[in-house]
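Thanks for asking me to look this one over. Have the picture open while you read, and click on the residues as they come up.

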Amino acid sequence: MLVRELVDHINATIERQRRHFLEGKTFPLLYRKENLARLKRILKENEKEIAEAVYKDFGKSYFEVMENELGLVYAEISVHLRRLGKWAKPAKPPTSLINLPGQSRVYPVPFGNSLVISPWNYPVQLALNPVVSAISAGNTIILKPSEVAGHTSNMLAKIINENFPAELFHVVEGGPEVASELLKNRFDKIFFTGSTRVGKIIMKAAAEFLTPVTLELGGKNPTIVLHDCDIKMTAKRIVWGKFHNSGQACVSPDHIYVHESIAGQLVEEMKINIRKNYGDNPEASEALTGIIDDRHYNRLMGFIDNERIEIGGRGLAESRFIEPTIISRVMHNDSIMKEEVFGPIMPVLTFSDLDNLIESLKSKPSPLALYIFTRNISKAKKIQREFRSGGGMINDTVVYFVNNTTPFGGIGDSGMGHYHGKAGFDCFSHKKTVIKKPLWFELWIKYPPYTRFKLRLIKAFLK
Ligand code: NAD
């Protein structure tokens with residue numbers, strides 16, 4: 001049960017935001033740009049405090065907070081500030097014959113009051129980048145960050161709630177019970193990032209009000225390595241992608257399918273890269289984080305089978321640190337293949353027939369990303385075109401996520417909808433078509449009485 005004050009606070013904030021939106025306050029582009037600039041300014045002013053909070057949550061280094069948390073938010077804000085004027089312009093498509101001599105316009109208009117619910121694994125970036133899109137498109141926002149990254153959630157609430165008018169943007173902290181309370185209310189748009197399980201709960205709650213949802217969910221991202229790949233570069237890029245954020249990323253390469261002829265070589269190259277990147281004492285490396293909580297730490301340690309460890313495998317329960325680990329000779333029915341790994345453990349499986357492998361992957365839930373390593377680019381492109389995944393890469397992993405010129409999102413079990421750059425602006429905008437008709441002409445054939453002559457004309461127009 002939530003305390004009465006919190007419920008009252010939620011209801012009052014929603015009401016304030018509703019009025020603010022209905023009064024048209026969020027419509028002017030200048031207002032939106034001022035608030036995007038304000039967000040950037042307060043983040044810059046509080047960089048040190050934010051980095052400390054993220055560090056307390058799971059030991060992420062200052063470098064990485066700048067690189068893949070705040071840096072990505074700054075870049076997202078910059079692209080919206082630069083392009084918003086262009087994106088917000090009404091489109092002027094041609095008008096179909098039946099509506100001539102009318103003039104068609106498509107206005108991107110804000111949905112209204114939005115709710116953003118975010119996960120713990122990139123606790124700044126995944127909370128604020130949807131908010132950037134929401135502000136840019138002219139919506140109000142209630143943000144509920146993840147309680148699991150509690151220090152970051154507290155820090156975001158403090159700096160946002162002290163610096164933003166609550167009628168535009170307000171942070172409400174708490175766990176599932178607070179999210180459930182928020183979801184009892186009508187929002188005009190819900191943007192959720194998190195697990196597939198909770199995504200379904202969100203969508204059910206949204207259905208009550210017919211609220212459009214964007215769901216950025218998880219999944220097991222396969223990484224397929226063909227016999228003709230550049231082994232050294234493949235190993236380097238897989239290792240970087242897998243152990244970034246200690247594997248706690250939605251776009252992390254979850255597991256590897258390597259052609260049996262090069263499996264040994266690939267594993268050896270990956271070990272070389274692990275030693276090079278993280279040294280002999282990986283727990284001291286600032287390129288690795290801790291595991292977010294004991295539940296995940298114990299879950300991940302349960303995947304490690306000592307007999308099949310190629311490198312790593314050691315865990316430090318107190319600091320919740322797990323070494324970058326490779327496990328080979330993994331089978332499809334091993335427990336690690338039954339859920340998203342979401343940690344620094346890479347299962348390696350082999351294959352001999354690519355077509356069989358692709359066929360078997362097609363019967364599994366659609367992942368967020370598919371990664372393919374090969375020199376045969378046309379084959380890789382064909383597989384990417386035909387395989388159902390949210391996105392993917394050829395000859396690299398993870399970094400497609402940071403492209404803010406292309407839409408990012410999942411499909412099927414990995415989610416629905418897109419954001420990043422223009423896709424983010426579109427995600428929080430309704431496309432409103434308005435056709436202006438002149439008064440000097442009227443299409444008389446649409447009026448009764450219906451005659452055979454009018455029917456002939458209609459048939460001639462509408463074919
Ligand atoms: P989660 O689903 O447990 O939690 C996400 C958010 O939902 C949190 O704010 C949490 O408080 C809230 N929540 C939890 N239970 C709820 C309930 N019953 N009702 C309403 N809200 C509830 O996810 P997580 O553990 O924070 O994040 C990890 C998952 O998110 C992984 O599956 C990962 O792949 C996925 N993810 C996806 C993306 C993406 O962009 N597609 C990005 C990051 C993480």
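Below are my points, starting with the ligand and moving on to cysteines, a few single residues and some backbone oddities.

1. Before anything else, keep in mind that this is a predicted model. Every value here is computed from that model.

2. Let's start with the ligand. How many residues surround the ligand? There are 27 of them, and the closest are S118, E147, S195, L217 and E340. Sorted by type, this shell has 15 nonpolar residues, eight polar ones and four charged ones.

3. Next, where does that shell come from? Helix 7 (176–183), strand 5 (189–193) and helix 8 (196–207) each give it at least two residues. Zoom out to domains, and you'll find at least three shell residues from domain 1 (4–217 + 414–432) and at least three from domain 2 (222–409). Try colouring the two domains separately to see this for yourself.

4. Now look at the polar atoms around the ligand. E147, already listed among the closest residues, has a polar side-chain atom 2.7 Å from a ligand oxygen. W120 also puts a polar side-chain atom by a ligand oxygen, at 2.9 Å. With G194 the backbone does the job: one of its polar backbone atoms is 3.2 Å from an oxygen atom of the ligand. As for how covered the ligand is, on its own it would expose 850 Å², and the protein buries 91% of that.

5. How many disulfides does a search of the whole structure find? Zero. Take C427 as an example: its sulfur has its closest cysteine sulfur in C250, 15 Å away, so the two are too far apart for a bond. C427 counts as buried because its relative accessibility is 10%, and buried means under 20%. C229 is buried as well, at 5% relative accessibility.

6. Is N68 buried or exposed? N68 is buried, with a relative accessibility of 5%. You'll find N68 in helix 4 (residues 62–87). Its side chain has a partner too: it makes a polar contact with the side chain of H244, at 3.1 Å.

7. For a contrast, go to K459 in helix 15 (residues 452–461). K459 has a relative accessible area of 56%, so it counts as exposed, the cut-off being over 50%. If you want a distance to check in your viewer, the C-alpha atoms of K459 and A88 are 38 Å apart, with these positions 371 residues apart along the chain.

8. Two peptide bonds deserve a look. The bond from L100 to P101 is cis, with omega near 5°, and P101 sits in the loop between helix 4 and strand 1 (103–110). P448 and P449 are also joined by a cis peptide bond, here with omega about 0°. That P449 belongs to the loop between strand 17 (429–436) and helix 15.

9. Last point: positive phi angles. V398 isn't a glycine, yet its phi is positive, at about 70°. V398 lies in the loop between strand 15 (391–394) and strand 16 (415–416), and it is buried, with a relative accessible area of 8%. H420, not a glycine either, has a positive phi of about 90°. Its place is the loop between strand 16 and helix 14 (422–427). Like V398, it sits in a loop, and H420 counts as buried at 3% relative accessibility.

Notes. Residues numbered from 1 in each chain as written. Predicted model: local features only at pLDDT ≥ 70, side-chain atom pairs only at ≥ 80, totals over all residues. Heavy atoms only, no water. Near = heavy atom within 4 Å. Polar contact = N/O pair within 3.5 Å; in protein donor to acceptor, adjacent residues only side chain to side chain. Areas by Shrake-Rupley, 256 points an atom, 1.4 Å probe, with all protein chains shown as cover. Helix = DSSP H or I, 4+ residues; strand = E, 2+ residues; numbered from the N terminus. Nonpolar A, V, L, I, M, F, W, Y, C, P; charged D, E, K, R; others polar. Domains from an automatic or database assignment. Disulfide = S-S within 2.5 Å. Buried < 20%, exposed > 50% of the residue type's maximum accessible area, 1.4 Å probe, protein only.
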